[in-house]
Amino acid sequence: MLQLSQNDIQLAQAQSNKLDAIRSIAADLAAKGLVEAGYVEGMLNREAQNSTFLGNGIAIPHGTTDTRDLVKETGVAVHHFPAGVDWGDGNTVYVAIGIAAKSDEHLGILKQLTKVLSADGVEEKLKQAKTENDIIALLNGDVQFDADFDASLIQLLFPASDMVQMSAVAGGLLKNTGCAEAEFVADLVTKAPTHLGKGLWLVSSNKAVKRTGMSFVSTANDCEYDGVAVKALIAFAACNSAHQAFLNKISDIVFKQQQEKLLSASAEALVALFTQDEQDAPAAAGEGNVAVFKIKNSHGLHARPGAMLVAEAKKFESNIKVSNLDGDGKAVNAKSLMKVIALGVKHGHQLQFTAEGPDAAQALESIGAAINSGLGE
């Protein structure tokens, strides 16, 4: 895993164009002893082949495969451009992460960075960063943009007999996953919950909270609170605004009187409902055209072939999702470069594509042909 230090960060940099920015980053990599002086030519050639802009104000300039022999040691040089650098095609870069990689370890770096930097709001935070530690915290994922919610924060059909037990379980889940401390649980059980309709309740506390998170507890028993049925309880531990998107989702569900959508959902469905973009949601059984292709590129889907794959997918109107069958299997939007690179695809990995739309079959055929031809390599 990439471990950044203050020595990796160069603050308050200013360059008039991306080529000068890349030259400056290459000189930094060389000064750190990570690469030979000639590595800069590989970085410039790589940029000429395809832009290394990832999105959210981030670029990842790096060398070509034939300049890897100039890499002495894997590492990075992170340059911060608070005024931005024009990276072409209307894209502005505020942080450029120069990568020196001897072999496929750069895929791990890319996977880590893209997962961290795909959150909404990162670009503005990076632009406004004032210290090396601000940059490090953002790149390491220490700045929270999305509330915590996964299977470990869900307890279905708990045999609760009253709301106090429900609140205690919901609070305990948030405590056990590191979102809050014991004082949070003690405070939560004293709170009066809000009824959202049809037996769905909501409670929250900000006492002794370390990370914003949400838990969900449903009960197998027939219990009541103030004479109203209790079927499930949503609990929030809040120390920032990261839970706002979850609250908006809940508000929309309540407004549409779709509480049953939560009350009857499996743990997996609950996690997907709150954490997946609509473009990333898995297709229902039997939906869409599906195809599996093996990646032939010797160095996997690094930025250039990844960009070629995304460009191919963007040619079609259909909604196209891709998952790495040799990775975590999660489906992501095939038209998002950051999400595709975050799959961590290596040579020989199998990608499963699902396409839904008027040109789904043609899209899969074209993507397959692009993969089989080497994605531009």
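**Exercise 1. Is Arg211 buried, partly exposed or exposed, and what is its relative accessible area?**

*Solution.* Before starting, keep in mind that this is a predicted model. Step one is to look up the value for Arg211: its relative accessible area is 29%. Step two is to compare it with the cut-offs, where buried means under 20% and exposed means over 50%. Arg211 is therefore partly exposed, as 29% falls between the two.

**Exercise 2. Find the salt-bridge partner of Arg211, and work out where the two residues sit in the chain.**

*Solution.* Start from the side chain of Arg211, which meets that of Asp148 in a salt bridge, with 2.9 Å from N to O. The pair links distant parts of the chain, the two residues being 63 residues apart. Arg211 belongs to the loop between strand E8 (200-205) and strand E9 (213-225), while Asp148 belongs to the loop between helix H5 (132-139) and strand E6 (154-158).

**Exercise 3. Now try a pair within a helix: describe the salt bridge of Asp20 and its setting.**

*Solution.* First, the partner: the side chain of Asp20 meets that of Arg23, at 2.9 Å from N to O. Next, the place: both residues lie in helix H1 (residues 18-31), three residues apart, which is about one turn of the helix. Last, the surroundings: Asp20 is partly exposed at 27% relative accessibility, and Arg23 is also partly exposed, at 39%.

**Exercise 4. Classify both members of the salt bridge between Asp187 and Lys191 as buried, partly exposed or exposed.**

*Solution.* In this bridge the closest N and O atoms are 3.8 Å apart. Asp187 has 17% relative accessibility, so this residue counts as buried. Lys191 has a relative accessible area of 35%, so this one is partly exposed. For the wider picture, the structure holds eight salt bridges.

**Exercise 5. How many disulfides are there, and what is the situation of Cys179?**

*Solution.* The count comes to zero disulfides. For Cys179, the nearest cysteine sulfur is that of Cys239, 8.3 Å away. A disulfide needs sulfur atoms within 2.5 Å, so Cys179 is in no disulfide. Cys179 is buried, with a relative accessible area of 0%. Cys223 counts as buried too, at 5% relative accessibility.

**Exercise 6. Locate Ala291 and list its contacts beyond its neighbours within four places in sequence.**

*Solution.* Ala291 is part of strand E11 (residues 289-294) and is buried, at 16% relative accessible area. With those neighbours set aside, Ala291 is in contact with Leu351, Gln352, Phe353 and Leu364.

Note on methods:
Residues are numbered from 1 along each chain as its sequence is written. This is a predicted model: local features need pLDDT of at least 70, side-chain atom pairs count only at pLDDT 80 or more; totals for chains, interfaces and linings use all residues. Side-chain values use heavy atoms; hydrogens and water are left out. A salt bridge is a side-chain nitrogen of Lys or Arg within 4 Å of a carboxyl oxygen of Asp or Glu. Buried means under 20% relative accessible area, exposed over 50%, partly exposed in between (1.4 Å probe, protein chains only). Contact means heavy atoms within 4.5 Å.
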